[in-house]
Amino acid sequence: DASNVTFKRVMLKISGEALMGDQGFGLHPPTVERIAHEVQSVHSLGVEICMVIGGGNIFRGLQGSAQGMERTTADYMGMLATVMNALAMQSSLESLGIHTRVISAITMNEVAEPYIRRRAVRHLEKKRVCIFAAGTGNPYFTTDTAAALRANEMACEAIFMGKNGVDGVYDKDPKKFADAKRYDTVSYDDVLQKRLAVMDASAIALTRDNNLPIIVFSLDEPGGFKGILAGEGTYTRVQG
Ligand code: UDP
């Protein structure tokens with residue numbers, strides 16, 4: 001029930017790959033639906049939800065430029081990929097009866113709303129899930145940075161980084177080292193200095209400047225997202 005929920009407004013960031021299931025590429029509709037259910041269970045607590053979804057399941061700018069494509073063009077393609085993922089998530093959430101808005105950093109009025117901060121805040125107040133698409137709208141950035149930026153602008157109380165195959169931040173890669181240890185809490189500075197795999201450095205810097213906590217958790221456990229909001233489960237909290 002909503003009485004013991006710790007946050008009233010949160011940002012959920014997932015990578016594009018979180019939507020591809022066991023496939024090597026693209027969208028896996030049952031996986032999208034599974035994540036939509038996770039979002040629904042938190043939404044039903046009355047929590048206001050922002051989402052940023054990556055695009056790596058479809059296109060990454062760096063990969064494109066490694067194949068000879070001009071970097072900024074490749075980055076725009078990556079941003080467009082995030083719009084497709086946002087629309088897939090919107091469709092899945094709306095089929096569960098949740099009102100949503102896709103809000104794009106690149107104007108494409110036929111497909112998504114343009115980003116207008118005050119308007120987005122109003123959507124949240126009306127309990128619409130806001131899916132922020134097209135990253136920051138700028139090449140050379142990532143969707144992690146977009147998540148940090150929008151979370152600050154929307155005055156979210158935390159960023160939830162939903163991961164696959166890992167339930168927090170470890171001192172070394174838990175898939176390679178059996179003795180890897182998970183941090184319960186870790187500081188922004190340690191994340192930057194030790195280059196821990198949380199978000200890229202510019203995204204971490206943005207959260208640190210505003211003291212916005214980052215909760216790194218596993219998206220693999222059904223009910224995991226809701227559980228953490230209720231104060232349960234394992235995760236790492238990055239804070240000042
Ligand atoms: N991108 C960008 N600016 C942004 C966000 C994303 O140029 O503000 C591009 C970049 O090329 C990136 C791609 O979009 O590789 C997909 O985003 P990202 O790699 O962050 O997705 P994820 O790894 O989370 O799936």
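Trainee: Which helix gives the most to the shell around the ligand?

Mentor: Helix 3 does, with 5 residues. This is a predicted model, in which local features need pLDDT of at least 70 and side-chain atom pairs count only at pLDDT 80 or more, while totals for chains, interfaces and linings use all residues. Residues are numbered from 1 along each chain as its sequence is written.

Trainee: What makes a stretch a helix or a strand?

Mentor: Both are DSSP runs numbered from the N terminus: H or I over at least four residues for a helix, E over at least two for a strand. Helix 2 (61–66), helix 3 (71–95) and helix 5 (143–153) each supply at least two residues of the shell.

Trainee: How many residues surround the ligand, and which are the closest?

Mentor: There are 23, and the closest are Gly54, Gly56, Gly61, Gly78 and Gly135. A residue is near a molecule if its C-beta atom, placed from the backbone, lies within 6 Å of it.

Trainee: How do the residues of the shell divide into nonpolar, polar and charged?

Mentor: The shell holds 6 nonpolar, 14 polar and 3 charged residues. Ala, Val, Leu, Ile, Met, Phe, Trp, Tyr, Cys and Pro count as nonpolar, Asp, Glu, Lys and Arg as charged, and the others as polar, so Gly is polar.

Trainee: What makes strand 2 mostly covered?

Mentor: A residue is buried with 20 or more other C-beta atoms within 10 Å of its own, exposed with 12 or fewer, and partly exposed in between, C-beta atoms being placed from the backbone. In strand 2, 6 of its 6 residues are buried. Glu48, Cys50 and Val52 point one way, while Ile49, Met51 and Ile53 point the other way.

Trainee: How do you know that strand 1 and strand 2 pair?

Mentor: Pairing requires that DSSP find at least two bridges between the strands. Strand 1 and strand 2 have 6 bridges, in the parallel sense, so they pair. One bridge joins Arg9 to Glu48 in strand 2. Between these strands the chain passes through helix 1, a right-handed β-α-β crossover: with the strands pointing away from the viewer, the path from the first strand over the helix to the second runs clockwise. Strand 2 is also joined to strand 5, in parallel, by 3 bridges, and Cys50 has Cys130 as its bridge partner there.

Trainee: Why are strand 4 and strand 7 said to stand at the edges?

Mentor: The 9 strands form an open sheet of mixed pairing, in the order 4-3-5-2-1-6-8-9-7. Strand 4 (113–114) and strand 7 (185–187) each have a single partner strand, so one side of each lacks a neighbour in the sheet. For strand 7, 3 bridges lead to strand 9 (residues 236–239), which runs parallel to it, and Thr185 stands opposite Arg237.
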